[in-house]
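Student: Could we go through this model together, one question at a time, with the reasoning spelled out at each step?

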Amino acid sequence: MYDKRLAPDMNLNLYFTQQQYQLLQLGELAVPSGKIVAADPLYSLPYGGTPCFCRTIPSGHYPVIISVYTHRQYGSRYLAAKLQITNREAVAFELALKGAEEASQLEEDEIFGFPVETGLGCFCDAKIQKEFRQYVENWRKTHPNANLYDDLLQKEFEKSYREKPKFQRSGGDWVNWNLPNTNHNIIMFNSGFGDGIYPCYWGFDKDREICSLIIQFIAPEELEE
């Protein structure tokens with residue numbers, strides 16, 4: 001079932017179990033379709049540029065957890081983001097694929113991942129991505145010269161900081177945002193070291209069932225001085 005070429009070079013559970021890292025609970029993600037998207041919420045998500053992952057999970061609501069490390073030089077950094085699908089522990093991890101990738105395409109030290117251009121990542125259901133895309137299209141018709149972050153989401157990030165300032169800068173580093181007039185949400189968060197390509201990994205329990213989905217932002221050695 002697992003392809004070792006698609007495995008991470010570390011045990012991703014360590015982000016969420018080691019004492020030097022702290023956990024930040026961002027709330028539960030609505031997953032009506034069972035199809036998950038991980039993307040930059042300002043760069044590709046509103047334009048349909050990021051397909052969902054091939055594997056699916058049961059519809060429902062799932063917690064999103066951030067692993068945080070407070071560094072003397074860099075301050076609080078988001079190391080990884082986890083969609084907790086079951087309460088079972090992952091014993092194996094594999095890169096989450098979207099359909100066109102092949103392990104044989106990877107060169108040494110290469111990964112498959114999603115691009116970040118605005119310093120943000122997110123988890124989102126594929127159905128809600130379509131709703132968000134339509135919402136942004138309609139919003140732009142009435143706000144033709146507006147900026148999606150400055151004029152729509154910035155106040156939501158600032159509100160998140162005011163209400164839950166722990167491990168956030170004053171402008172806000174995460175938001176659990178509902179599409180207006182719905183109970184469908186997108187959970188957005190700072191992407192660790194900013195722009196780049198970030199991999200996502202499915203976690204599998206001992207019965208080879210999916211139990212988590214993890215975005216890896218920063219490898220521990222990248223924080224060494």
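Student: Is Asn185 buried or exposed?
Tutor: This is a predicted model, and in it Asn185 belongs to strand β9. Buried means under 20% relative accessible area. Because the relative accessibility of Asn185 is 4%, this residue counts as buried.

Student: With which side chain does the side chain of Asn185 make a polar contact?
Tutor: Asn185 touches Glu28, Leu29, Ala30, Ile128, Asn176, Trp177 and Asn178, leaving out residues up to four places away in sequence. A polar atom of the Asn185 side chain lies 2.8 Å from the backbone nitrogen of Ala30, but that partner is a backbone atom. The side chain with which Asn185 makes a polar contact, at 2.8 Å, is that of Asn176.

Student: Where do the buried residues of α1 lie on the helix?
Tutor: In α1, the residues Ala126, Ile128, Gln129, Phe132, Val136 and Trp139 are buried. Seen down the axis of α1, these buried residues fall within an arc of 140°, so they line one face of the helix. Lys130, Lys141 and Thr142 are exposed on the other side of α1, whereas the buried residues of α1 lie on one face.

Student: Which residue caps the N-terminal end of α1?
Tutor: A cap of this kind can be recognised here by a side-chain oxygen that lies 2.8 Å from the backbone nitrogen of Lys127. The residue that supplies this oxygen, and so caps the N-terminal end of α1, is Asp125.

Student: How far apart are the end C-alpha atoms of helix α2?
Tutor: Helix α2 covers residues 148-163, and at 1.5 Å a residue its 16 residues should span 22 Å. The separation in the model agrees with that expectation, because the end C-alpha atoms of α2 are apart by 22 Å.

Student: At which residue does α2 bend?
Tutor: Among the buried residues of α2 are Leu152, Leu153 and Phe157, and what covers the buried residues of this helix includes β7, α1, β8 and β9. The bend in α2 is about 45°, and the residue at which it is found is Gln154.

Student: Does Pro51 count as buried, partly exposed or exposed?
Tutor: Pro51 sits in the loop between β2 and β3, and it touches Val37 and Lys98 when residues up to four places away in sequence are not counted. Buried means under 20% relative accessible area and exposed means over 50%. Because the relative accessibility of Pro51 is 44%, this residue counts as partly exposed.

Student: Which backbone oxygen does the side chain of Gln84 reach?
Tutor: Gln84 is part of strand β4, and at 14% relative accessibility it counts as buried. Not counting residues up to four places away in sequence, Gln84 touches Tyr62, Pro63, Ile65 and Cys211. The backbone oxygen that its side chain reaches, at 2.3 Å, is that of Thr86.

Student: How many residues does the largest nonpolar core have?
Tutor: The residues with the most contacts inside this core are Leu83, Phe123, Phe189, Leu213 and Ile215. Leaving aside neighbours within four places in sequence, Ile215 is in contact with residues including Ala38, Leu79, Phe114, Phe123, Phe189 and Tyr198. Another core, which includes Ala30, Leu42, Leu179 and Ile186, lies apart from it and has 23 residues. For the largest nonpolar core, the number of residues is 51.

How values were computed:
Residues are numbered from 1 along each chain as its sequence is written. This is a predicted model: local features need pLDDT of at least 70, side-chain atom pairs count only at pLDDT 80 or more; totals for chains, interfaces and linings use all residues. Side-chain values use heavy atoms; hydrogens and water are left out. Helices (H or I, at least four residues) and strands (E, at least two) are DSSP runs, numbered from the N terminus. The expected span of a helix is 1.5 Å times one less than its number of residues. The bend at a residue is the angle between axes fitted to the seven residues ending there and the seven starting there. Buried means under 20% relative accessible area, exposed over 50%, partly exposed in between (1.4 Å probe, protein chains only). Contact means heavy atoms within 4.5 Å. The arc is that of the directions from the helix axis to the C-beta atoms. A polar contact is a pair of N or O atoms within 3.5 Å; within protein, one must be able to donate a hydrogen and the other to accept it, and residues adjacent in sequence count only if both atoms are side-chain atoms. A nonpolar core is a set of buried Ala, Val, Leu, Ile, Met, Phe, Trp, Tyr and Cys residues joined through side-chain atoms within 4.5 Å.
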